[in-house]
Amino acid sequence: GDLISFVQDNLKYPKEAKENAIEGILFIQFIVNKSGKTTKIKLLKGSETLADEAIRVTKNIKWYPGEVDGKISDVQMVLPFTFKLPE
């Protein structure tokens, strides 16, 4: 399974956001550390109401540690999440 499938399978629309018809794209910034763990997760841009769910899913993604110049190292990443209510 790739990243997009994982996100689609795991992302649940927050009840409060659904009730208030809140939609949008969020950008979650984080660091994948040397052991492949997701750390320093924060909302870069987007709705606070949707952020907790995007952060929850981000925490559950399994990564391979990143490499810089052939050495295992911390890598900063940004992941977009789209929340769109069905028409």
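# Notebook: one predicted chain

**Entry 1, overall layout.** I read along the sequence and wrote down the pattern of the protein chain as α-α-β-β-α-β-β-β. I noted that the model is predicted. My tally for the chain came to three helices and five strands. I then looked up the extent of the chain: along the principal axes, its C-alpha atoms fill a box of roughly 45 × 25 × 15 Å.

**Entry 2, surface and burial.** I looked up how much of the chain is buried. Of the 87 residues in the protein chain, 32% are buried. The area that the chain exposes is about 6,100 Å². Carbon and sulfur atoms supply 52% of that area.

**Entry 3, contacts and charges.** I took the contacts in the chain with a separation of 6 or more and asked what share joins residues 24 or more positions apart. The share is 69%. For charges, I found 13 positive and 12 negative ones in the protein chain. Their mean positions are 5 Å apart.

**Entry 4, the core.** I went to the largest nonpolar core, which has 18 residues. The residues with the most contacts inside this core are Leu-26, Ile-28, Phe-81 and Phe-83. Next I asked which elements each supply at least two residues of this core. They are strand S1 (24-32), helix H3 (48-59) and strand S5 (75-83). Helix H3 gives the most, with five residues.

**Entry 5, Ile-28.** I picked Ile-28 from the core and listed what it touches, leaving out residues up to four places away in sequence. The list for Ile-28 holds Ile-41, Lys-42, Leu-43, Ala-54, Ile-55, Thr-58, Met-77, Val-78, Leu-79 and Phe-81.

**Entry 6, Asp-74.** I moved on to Asp-74 and found it in the loop between strand S4 (71-73) and S5. Is Asp-74 buried or exposed? Neither label fits: its relative accessible area is 45%, so Asp-74 is partly exposed, since buried means under 20% and exposed over 50%.

I then checked what lies around Asp-74. Not counting residues up to four places away in sequence, Asp-74 touches Ile-31, Val-32, Asn-33 and Lys-34. For Val-32 I looked up two separations from Asp-74: 42 residues in sequence, and 5.6 Å in space from C-alpha to C-alpha. For Lys-34 I looked at individual atoms. The backbone nitrogen of Lys-34 lies 3.1 Å from a polar atom of the Asp-74 side chain.

Methods
Residues are numbered from 1 along each chain as its sequence is written. This is a predicted model: local features need pLDDT of at least 70, side-chain atom pairs count only at pLDDT 80 or more; totals for chains, interfaces and linings use all residues. Side-chain values use heavy atoms; hydrogens and water are left out. A nonpolar core is a set of buried Ala, Val, Leu, Ile, Met, Phe, Trp, Tyr and Cys residues joined through side-chain atoms within 4.5 Å. Buried means under 20% relative accessible area, exposed over 50%, partly exposed in between (1.4 Å probe, protein chains only). Helices (H or I, at least four residues) and strands (E, at least two) are DSSP runs, numbered from the N terminus. Contact means heavy atoms within 4.5 Å. A polar contact is a pair of N or O atoms within 3.5 Å; within protein, one must be able to donate a hydrogen and the other to accept it, and residues adjacent in sequence count only if both atoms are side-chain atoms. Accessible areas come from the Shrake-Rupley method with a 1.4 Å probe; for residues, only the protein chains shown count as cover. Lys and Arg count as positive and Asp and Glu as negative; His and the chain ends are not counted. The place of a charge is taken as NZ of Lys, CZ of Arg, CG of Asp or CD of Glu.
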